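Me: I've got a structure to look over, and I'd like to talk through how its parts fit together. Can you take my questions one at a time?

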Amino acid sequence: MSELTLTLIKLGFLALLWMFVLAVLSVIRSDLFGAKVDSRAAAPAVPAATRTPKAPKPVKKRKGLPGSLTIADGPQAGVGATLVEEPIVIGRGSDCQIRLDDDYSSTRHSRLFLSEGQWWVEDLGSTNGTYLDGQRVTRPVPAEIGGSIRIGRTTLNIAK
Amino acid sequence: MSIASTSVIQIIPRTRRGVELFLLLIAIGVSVGAYVNIGITAQGGVPASTGLYAAGIGLLALIAHLALRFRAPYADPVILPCAVLLNGLGVAMIHRVDLGLTAIGREKGVPFAPQQITWTAVGVVLFLAVIVVIRDHRRLQAFTYTLGLVGLVLLVLPLVPGLGINVNGASIWIRVAGMSFQPGEFAKVCLVIFFAGYLVLKRDVLTLAGRRFLGLDLPRARDLGPILVAWLVSLGVLVFESDLGSSLLFFGLFLFLLYVSTERAGWLIIGGLLFVGGAFFAYSTFGHVHRRITDWLDPFSIDGGQIANGLMGQAWGGVLGRGLGQGRPEFTLYANSDMIISSLAEELGLTGLIAILLVYTLIIERGLRTALGCRDIFGKLIATGLAMSFSLQVFVIVGGVTGLIPLTGLATPFMALGGTSLVANWAIIGLLLRISDQARRPQTPAAPVSDETIAMAVQKQ
């Protein structure tokens, strides 16, 4: 067999081997480049792609109001909700808008709601309490952009 | 009321079994390609046994794939194809060394390749057993101490008179019914589960108690017990079984899991010091350890030594290798087991070797990824431990063959000739896939959530 054929076979096999490696890498790409779900960017995109597409309502946003609530750490990091008009309930229950996988949170732990042109954080009689910027929430307190809410072991960030 | 107003982001769980099948086909293609390539270059034509080999590897991979499809549909799609590729390439290389050994007239035990395929089949059967029998890895936590005991018994089994045999200075083998086994390979799996179960219970006390010294959190003196026991056991393995590799593997595993579960660097430093002390003691006391180190420092002092031949082969391979079937790996002692990495490097070159090491890295990465995604600490620690046992093993053997560290007799996972190691590795892969199935499965095994149910849930507010 000629030298050329042997070289071609050799290079062809190496190419095949690398093709496997590259195929695997492309499968796990999201691990390498990060699939961190940023609620601000991905919130409109993900539901549109996965559920039956529904034309999103044009929402009027007031300036200076918080626009999203996102879990900051742990295995659920990135999960969150956009703050529009309706109140948002956070807890372990299946009817909560933000469902926590946290043993230290109650079924319906706390609530964010819009009133008098402002968002408020309210504790729904939870066992372990809700903390806004380190202060225990005993009555509804205003939620500002950049604040962080701690529920059980989970921290949620309020962002624009 | 619209669901767009409260768009809760959900991570949509995907099974990805189709992707796995696709990758499996490539992996089988690479393995069969290697076999055919060796036939063309070393035997002068496509060998008649190609069909048999392809059918064997393909069937085993397919069975494993179907088991995952039905029993662990959310398991990681990448781990199985990587394992199949390494196993297939290993068998092809063993076949190639068989041909070489026949050519130079060292035919004792040849051919080894069919034997390795038989062991692969046994390994896949054990893989199926793990996937089918263990439905939930958390059940294993009930057997923490039982498995710890089993692990220790397996570890000392080669020392039982009449049962253990001494091969090349290391007594890590037992002979039962005419076949030899390396019980240490299974002891590794048992001990990983034991370490995980133990640390789940004890990690709080190991993390919280203690005091700071020179900016380091040091544990309390009485909490040092377990690490000292692990150290003594691995030193015992070294002294009585003369097995440097396993000793390093067990101690490294325990130390790493201790660090992962407590997040305290103090353990690593204490463990590192214990290791250095143990290594120095072994170096100055035991002849075989001393010899390993002198071989490592000056491999060319022995004419035709194992490491020297391996290094020559790798150098001859260069960047692109000699091409499959065109090197002379058979001149190296144990070219199909301990030194299989150097045989592969000789024929596939640095390019091929890097690809193989990447495949190992991918398995380890997927193992650690599984640990990250797993929801219970026990599963996290098992996945970490299994991935680390893989990485330690690959590091120790590849480091030894390439001359980075002293060569010790650990099996190259999935590739090296040797039934026990292959079977144990398939069990490890099965366990990893079982945990990753749990980790990637949707949290509530309910019917797919439709728009209506979400809308109803929102309206209830």
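Reply: Sure, and one definition before we start: two residues are in contact if their C-beta atoms, placed from the backbone, lie within 7 Å. Keep in mind that this is a predicted model.

Me: Okay, what share of the contacts in chain B with a separation of 6 or more comes from residues 24 or more positions apart?
Reply: Chain B has 461 residues, and 50% of them count as buried. Its secondary structure is 15 helices and five strands. Take the chain B contacts with a separation of 6 or more, and the share from residues 24 or more positions apart is 72%.

Me: And what's the matching share in chain A, for residues at least 24 apart?
Reply: In chain A, 31% of the 160 residues are buried. The elements there come to three helices and eleven strands, with the run from the N terminus being α-α-α-β-β-β-β-β-β-β-β-β-β-β. Counting contacts between chain A residues at least 6 apart in sequence, the part that joins residues at least 24 apart is 38%.

Me: Let's stay in chain A. Which residues of strand S11 are on its covered face?
Reply: In a regular strand the side chains alternate between the two faces of the sheet. S11(A) spans residues 154-159, and its uncovered face has A:Thr155, A:Asn157 and A:Ala159. That leaves the covered face to A:Thr154, A:Leu156 and A:Ile158.

Me: Which residue in S11(A) is the bridge partner of A:Ile151?
Reply: S11(A) pairs with S1(A), residues 68-71, in the antiparallel sense over four bridges, and A:Thr70 stands opposite A:Asn157 there. S10(A), residues 148-151, also pairs with S11(A), antiparallel and over four bridges. In that S10(A) pairing, the partner of A:Ile151 is A:Thr154.

Me: Which residue takes a positive phi in the hairpin of S10(A) and S11(A)?
Reply: This hairpin has two residues between the strands. The one with a phi near 60 degrees is A:Gly152.

Me: Which strands stand at the edges of the five-stranded open sheet in chain A?
Reply: The order is S4-S3-S5-S6-S9, with mixed pairing. Each edge strand has a single partner strand, so one side of it is left without a neighbour in the sheet; these are S4 (98-99) and S9 (141-142) of chain A.

Me: What is the bridge partner of A:Gly91 in S4(A)?
Reply: S3(A) covers residues 88-91 and pairs with S4(A) in the parallel sense over two bridges. Across from A:Gly91, the partner is A:Arg99.

Me: Over to chain B. Why do H6(B) and H8(B) count as roughly parallel?
Reply: H6(B) is residues 184-208 and H8(B) is residues 244-262; their axes come within 9 Å and cross at roughly 30 degrees. Angles under 35 degrees count as roughly parallel. The two helices are therefore roughly parallel to each other.

Me: How many of the residues in the contact of H6(B) with H8(B) are charged?
Reply: The H6(B) side includes B:Lys188, B:Phe195 and B:Arg203, and the H8(B) side includes B:Leu253 and B:Phe254. The contact has twelve nonpolar and five polar residues, and the charged ones come to two.

Me: How many residues are nonpolar where H7(B) meets H9(B)?
Reply: The axes of H7(B), residues 225-241, and H9(B), residues 265-285, come within 11 Å and cross at roughly 25 degrees, and the crossing is right-handed. Residues that meet there include B:Trp231 in H7(B) and B:Trp267 in H9(B). The contact has two polar residues and no charged ones, while the nonpolar number eight.

Methods. Residues are numbered from 1 along each chain as its sequence is written. Chains are lettered from A and ligands numbered from 1 in the order in which they are written. This is a predicted model: local features need pLDDT of at least 70, side-chain atom pairs count only at pLDDT 80 or more; totals for chains, interfaces and linings use all residues. A residue is buried if 20 or more other C-beta atoms lie within 10 Å of its own, exposed if 12 or fewer, and partly exposed in between; C-beta atoms are placed from the backbone. Two strands pair if DSSP finds at least two bridges between them. Axes are lines fitted to C-alpha atoms, for helices over the stretch in contact, and angles run from 0 to 180 degrees between N-to-C directions. Angles under 35 degrees count as roughly parallel, over 145 as roughly antiparallel, 65 to 115 as roughly perpendicular and the rest as oblique. Ala, Val, Leu, Ile, Met, Phe, Trp, Tyr, Cys and Pro count as nonpolar, Asp, Glu, Lys and Arg as charged, and the others, Gly among them, as polar. A crossing is left-handed if the near helix is turned anticlockwise from the far one by less than a right angle, and right-handed if clockwise.
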